[in-house]
Amino acid sequence: MATNTFAPASIELQTKGWNGLDKKSKIVVVGAGAFGGWTALWLRRAGFAVTLVDAWGAGNSRSSSGDETRVIRSTYGANEFYFDLNVRALELWKEHQQKWNRQIFFNTGVLWMCYDKTISVVDDSIPFARKHKMDYERLSAAELRTRYPAINCDDLDHGWLDPFAGYLKARESTQLVAETFINEGGKFIQALVDPGKNGATAKTGGQPLRADHYIYACGSWLGKLFPEVLGKTITCSKQEVYYFGPPAESSKMFDDLPVWVDADGKDFYYGIPGNANRGFKIGVDRRGKLFDPTSGERTPEPEVLQHARKFIGHRFPGLKNAPIVESRVCPYENSPDGNFIFQQHPEVENVFFIGGGSGHGFKHGPAWGELVVKTLLGD
Ligand SMILES: Cc1cc2nc3c(=O)[nH]c(=O)nc-3n(C[C@H](O)[C@H](O)[C@H](O)COP(=O)(O)OP(=O)(O)OC[C@H]3O[C@@H](n4cnc5c(N)ncnc54)[C@H](O)[C@@H]3O)c2cc1C
């Protein structure tokens, strides 16, 4: 859950539009993660014949969208583009969970734990929060102590609670999006795609995968699949999350905490208490080493785990000796500045790339997919 405040205040979508795109066009979307799945669904809803292809299936364990949960929050510093994208995404998540009759969004709030008087990632978002009537609540250290006795607040100046935020079930919703796509008439194929030289001569199992237009939403794999165009733009790093098991007698106290972000400016820890009953999740947001998302071994780095353990014992003393009940290695699909990428192939008009979620893309999936499709349609 990258918390840095990268990016300009607005984004220029650099596409030339899709010549020849009409309702009879056949479109292939490669990658059924948060970006590809939602894009395929919106394209299908716009009336196109869409085939969604994924090598290991929607929400698989290698993908970035395959973890149990993901944070959803509006705070993006002075960046109104992502604030607004989150507002729309939240609307769409709520709409779809109702349609699916399944709770996907858990409105626990997100608590920012602040060491200094000011914290730009939150403070600079306050005007946008006001505009949308989604105000944050400022809590003094004393108020924090009273409200959240499980948190050691000794080194904190204050906290900010975003009461509209929380977490999403990631893997489950990614699979639901793929199911919805199929139910609404889309075609899904589980197969590895070889994009060929430039993406327009794609093959699966040696057979041509024919379409009028191709969209590659292959997350961490994009840089390797298109080394000439994206090799330097999208890199994959090894990121780790651990699920700790709270003591049985106080599990409810820990599960009921809001999602939290410890903004100490160095390591950026964050966590999802409750975490769909899978343990008290803690993520380490320092960029890990370069990673191969296909063959990389998904075991934790002892040094990263040691950091996380030290931190959790300090911030949540009741979890000092809590065991790890699960852990997960997930790839970040980093763009150079943390911004998402929506780009046409420089030489081939009917090939597009969507990616660069950079540790914060999941929550935006529904709104980002919608925006991508509107842009492709020239809307
Ligand atoms: C540890 C961690 C914590 C994060 N925390 C948050 C958070 O709290 N909030 C948030 O909003 N975001 C968060 N993110 C970021 C978010 O998870 C990603 O931005 C998002 O899931 C990316 O989705 P994607 O569709 O681009 O990629 P993916 O989910 O990786 O999907 C890409 C898909 O492409 C398929 N594929 C690849 N190559 C091929 C091929 N050749 N042929 C066929 N299929 C192929 C893969 O199988 C995969 O399913 C986090 C990420 C990590 C790793």
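What follows walks through one helix, two groups of paired strands and the ligand surroundings in a predicted model.

Helix H2 is a good place to start. It covers residues 80–100, 21 residues in total, and spans 30 Å from its first C-alpha to its last, close to the 30 Å expected at 1.5 Å a residue. Both ends have something to look at. At the N-terminal end, Asn79 acts as the cap, with a side-chain oxygen sitting 3.2 Å from the backbone nitrogen of Phe81. At the other end, H2 is followed by Asn101, and the phi of Asn101 is positive, near 60°.

Next comes an open sheet made of three strands, ordered S3-S8-S4, with antiparallel pairing. Its edges are S3 (69–72) and S4 (105–106), each of which pairs on one side only. S3 and S8 (residues 166–169) run antiparallel and are joined by four bridges; Ile72, for instance, has Gly166 in S8 as its bridge partner. Helix H6 (residues 170–183) packs on this sheet, where it touches S3 and S8, and its direction makes about 50° with that of S8.

Strand S13 (residues 213–216) belongs to a set of parallel pairings. Strand S1 (residues 26–30) pairs with S13 in the parallel sense over four bridges, and one of the matched pairs puts Val29 with Ile215 of S13. S13 also runs parallel to strand S20 (residues 351–355), this time with three bridges. Here Tyr216 stands opposite Phe353 of S20.

The side chains of S13 are worth a closer look. In a regular strand, side chains alternate between the two faces of the sheet. In S13, His213 and Ile215 point one way while Tyr214 and Tyr216 point the other way. Are these residues buried or exposed? All of them are buried, whichever way they point. Two of these residues have already turned up in the pairings: Ile215 as the partner of Val29, and Tyr216 across from Phe353.

That leaves the ligand. It is surrounded by 36 residues, and the closest are Asp54, Ser65, Arg70, Val71 and Lys363. Lys363 also makes a polar contact through its backbone: a polar backbone atom of this residue is 2.8 Å from an oxygen atom of the ligand. Phe35 likewise uses the backbone, with a polar atom there 3.0 Å from a ligand oxygen. With Asn60, by contrast, the side chain takes part, and an N or O atom in it lies 3.1 Å from an oxygen atom of the ligand.

Key
Residues are numbered from 1 along each chain as its sequence is written. This is a predicted model: local features need pLDDT of at least 70, side-chain atom pairs count only at pLDDT 80 or more; totals for chains, interfaces and linings use all residues. Side-chain values use heavy atoms; hydrogens and water are left out. Helices (H or I, at least four residues) and strands (E, at least two) are DSSP runs, numbered from the N terminus. The expected span of a helix is 1.5 Å times one less than its number of residues. A polar contact is a pair of N or O atoms within 3.5 Å; within protein, one must be able to donate a hydrogen and the other to accept it, and residues adjacent in sequence count only if both atoms are side-chain atoms. Two strands pair if DSSP finds at least two bridges between them. Contact means heavy atoms within 4.5 Å. Axes are lines fitted to C-alpha atoms, for helices over the stretch in contact, and angles run from 0 to 180 degrees between N-to-C directions. Buried means under 20% relative accessible area, exposed over 50%, partly exposed in between (1.4 Å probe, protein chains only). A residue is near a molecule or strand if one of its heavy atoms lies within 4 Å of it.
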